[in-house]
Amino acid sequence: TQIRYQVVGQQGSTTVSLPDNRADAEYRVFVGETRVLYENDFETTIDGWTFDDTKSGSGDFQWGPPQGLGGDPAAAFSGTKVIGNRLDGTGLYKSARTVFAESPAVDLQGEDHVRLQVRRWLTVQDSAFDQALIYVNGKPVWQNDGTDEDDGSLEHRDLEWRFEDIDLRPYLQGATTV
């Protein structure tokens, strides 16, 4: 079961809500048994992850320690390394490009209830202008929220490592790998 929640504190006339992200105003936690089908903390290897872009380049994604630039975290969620965007540069993604990091295939044989659970730290503009997506077998399963081009004010700015839990059952339809 996935539980969503906020933390609200008040002292006098001052109210503070966490998470502090207008585009994603709820924390998530998963409660229940899990069996790990694939896991990587990126400390010693990226074991088959590939980085690319639509312009036949290597893309902007890199593997290494985060530098705290361009809205990025100063440290990994655990250990010292992450997969992130332009870690050895400004930390900012280049405009007018589609870049991606693709995981190795994961065997789903015999699995009925599959969930994707990740830790993310994301900084992008409103999805009217910037789209951050997670695809599973070619189908979008998560995207940053947005408004429209006339507004465009819903920036997604994580200020901490966030847990994301996505039920993949509706997207797999008999797939044996993901």
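This is a short talk on the overall build of one chain and on some of its salt bridges.

Hi everyone, thanks for coming. Please keep in mind that what you see is a predicted model.

Let's start with the fold. The chain has 14 strands and one helix. With 178 residues, its radius of gyration is 17 Å, close to the 16 Å from the globule rule, so the chain is as compact as a globular protein of that length. Along the principal axes, the C-alpha atoms fill a box of roughly 55 × 40 × 35 Å.

How far apart in sequence are the residues that touch? If we take contacts between residues at least 6 apart, 62% of them join residues at least 24 apart. As for burial, 28% of the 178 residues count as buried. The accessible surface is about 11,200 Å², and carbon and sulfur atoms account for 48% of that.

Now to charge. There are 30 negative side chains and 16 positive ones. The centres of these two sets lie 1 Å apart. Side chains of opposite charge can pair when their charged atoms come close. In the whole structure, a search turns up 15 salt bridges.

Let me walk you through three of them. My first pick is Glu 164 with Arg 28, where the closest N and O atoms are 3.0 Å apart. This pair ties together distant parts of the chain: Glu 164 is in strand β14, Arg 28 is in strand β4, and 136 residues separate them. Are these two partners buried or exposed? Glu 164 is buried, because its relative accessibility is 3%, under the 20% cut-off. Arg 28 is buried too, at 7%.

Next up is Arg 35 with Glu 111, whose closest N and O atoms are 1.9 Å apart. Here the link is between loops: Arg 35 is in the one between β4 and β5, and Glu 111 is in the one between β8 and β9, 76 residues away. Arg 35 is exposed, at 58% relative accessibility, while Glu 111 is partly exposed, at 23%.

The last pair is Arg 169 and Asp 167, with 2.9 Å between the closest N and O atoms. Both count as partly exposed, Arg 169 at 39% and Asp 167 at 23%.

One more thing before we finish. Which residues are joined into one network by salt bridges that share partners? They are Asp 24, Arg 28, Arg 120, Asp 158, Arg 162 and Glu 164. So you have already met two members of that network, Arg 28 and Glu 164, as the buried pair.

Thanks for listening!

How values were computed
Residues are numbered from 1 along each chain as its sequence is written. This is a predicted model: local features need pLDDT of at least 70, side-chain atom pairs count only at pLDDT 80 or more; totals for chains, interfaces and linings use all residues. Side-chain values use heavy atoms; hydrogens and water are left out. Helices (H or I, at least four residues) and strands (E, at least two) are DSSP runs, numbered from the N terminus. The radius of gyration is taken over C-alpha atoms; the globule rule is 2.2 Å times the number of residues to the power 0.38. Buried means under 20% relative accessible area, exposed over 50%, partly exposed in between (1.4 Å probe, protein chains only). Contact means heavy atoms within 4.5 Å. Accessible areas come from the Shrake-Rupley method with a 1.4 Å probe; for residues, only the protein chains shown count as cover. Lys and Arg count as positive and Asp and Glu as negative; His and the chain ends are not counted. The place of a charge is taken as NZ of Lys, CZ of Arg, CG of Asp or CD of Glu. A salt bridge is a side-chain nitrogen of Lys or Arg within 4 Å of a carboxyl oxygen of Asp or Glu.
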